[in-house]
Amino acid sequence: VLYLVYSFLGWVGETAVATAKGKHFANRGAAAGPFCFVYGIAAVLMAVGLADLRTNPAALFFGSFLIATVVEWLTGKLLERVHHRRWWDYSGKKCNIDGYICLQYSVLWGILGAVSVRCGNDLLLRLCTFVPPLLLHIAVWVSMTVAVLDQIGAVVVVGQYAARHPRLEQLGQERGKGT
């Protein structure tokens with residue numbers, strides 16, 4: 001549940017900001033569906049790894065900061081290898097590493113992660129108690145299946161496009177080396 005909800009909320013946030021900046025709808029997910037899985041992965045790692053730090057705000061912030069930063073960097077590298085393009089680029093921001101992570105967003109993720117672990121996860125899981133268990137299980141399994149199929153479909157479509165347009169693929173890789 002945490003994985004799906006935070007993946008969806010991350011997509012909503014990213015899409016809203018990109019849409020407002022670009023003045024037209026911009027799907028910020030790596031596939032067609034409404035999920036940014038980097039948020040879900042980071043949220044689950046934080047929920048599992050940092051629950052014992054809930055009473056220590058500084059340690060909780062630093063742990064959230066570290067987990068989110070590592071997940072964001074690894075996800076950026078993985079998405080570029082799989083899709084042969086960068087999904088975000090922080091090269092223009094101060095204190096960035098490889099353009100995949102920067103201090104500004106790592107601090108934001110640290111704050112959001114600490115708030116999520118401290119109170120957001122409990123609230124979310126309490127809300128789940130209002131949904132009949134069978135319905136909740138079905139919804140989670142259906143959502144996860146759709147999300148996984150969406151990701152697999154995105155990899156296949158991008159791979160087929162790259163195979164049909166090798167020159168565009170080569171240009172994209174050359175552009176990626178220069179950034």
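Trainee: In which handedness does helix 1 pass helix 2?
Mentor: Keep in mind that we're looking at a predicted model. Helix 1 runs over residues 2–22 and helix 2 over residues 37–50. Follow one past the other, and the crossing of helix 1 with helix 2 is right-handed.

Trainee: And is helix 1 oblique or parallel to helix 2?
Mentor: Their axes come within 7 Å and cross at roughly 135 degrees. Angles over 145 would count as roughly antiparallel, and 65 to 115 as roughly perpendicular. The crossing angle therefore makes helix 1, relative to helix 2, oblique.

Trainee: How do the residues of that contact divide into nonpolar, polar and charged?
Mentor: Helix 1 brings residues including Leu-2, Tyr-3, Gly-10 and Glu-14. On the helix 2 side, you'll find Phe-37, Ile-41 and Val-44 among them. Sorted by type, the contact comes to nine nonpolar, three polar and one charged.

Trainee: Moving on to helix 3, how far apart are its end C-alpha atoms?
Mentor: Helix 3 covers residues 57–83, and His-84, with a positive phi near 60 degrees, follows it. With 27 residues at 1.5 Å a residue, helix 3 should span 39 Å. The distance between its end C-alpha atoms agrees with that, at 37 Å.

Trainee: Is Leu-66 buried, exposed or partly exposed?
Mentor: Leu-66 sits in helix 3, and its C-alpha is 9.8 Å from that of Met-46, 20 residues away along the chain. For the label, buried needs under 20% relative accessible area and exposed needs over 50%. Leu-66 has 45% relative accessibility, so it counts as partly exposed.

Technical notes: Residues numbered from 1 in each chain as written. Predicted model: local features only at pLDDT ≥ 70, side-chain atom pairs only at ≥ 80, totals over all residues. Heavy atoms only, no water. Helix = DSSP H or I, 4+ residues; strand = E, 2+ residues; numbered from the N terminus. Buried < 20%, exposed > 50% of the residue type's maximum accessible area, 1.4 Å probe, protein only. Expected span 1.5 Å × (residues − 1). Axes fitted to C-alpha atoms, helices over the stretch in contact; angles between N-to-C directions. Parallel < 35°, antiparallel > 145°, perpendicular 65-115°, else oblique. Left-handed = near helix turned anticlockwise from the far one by under 90°. Contact = heavy atoms within 4.5 Å. Nonpolar A, V, L, I, M, F, W, Y, C, P; charged D, E, K, R; others polar.
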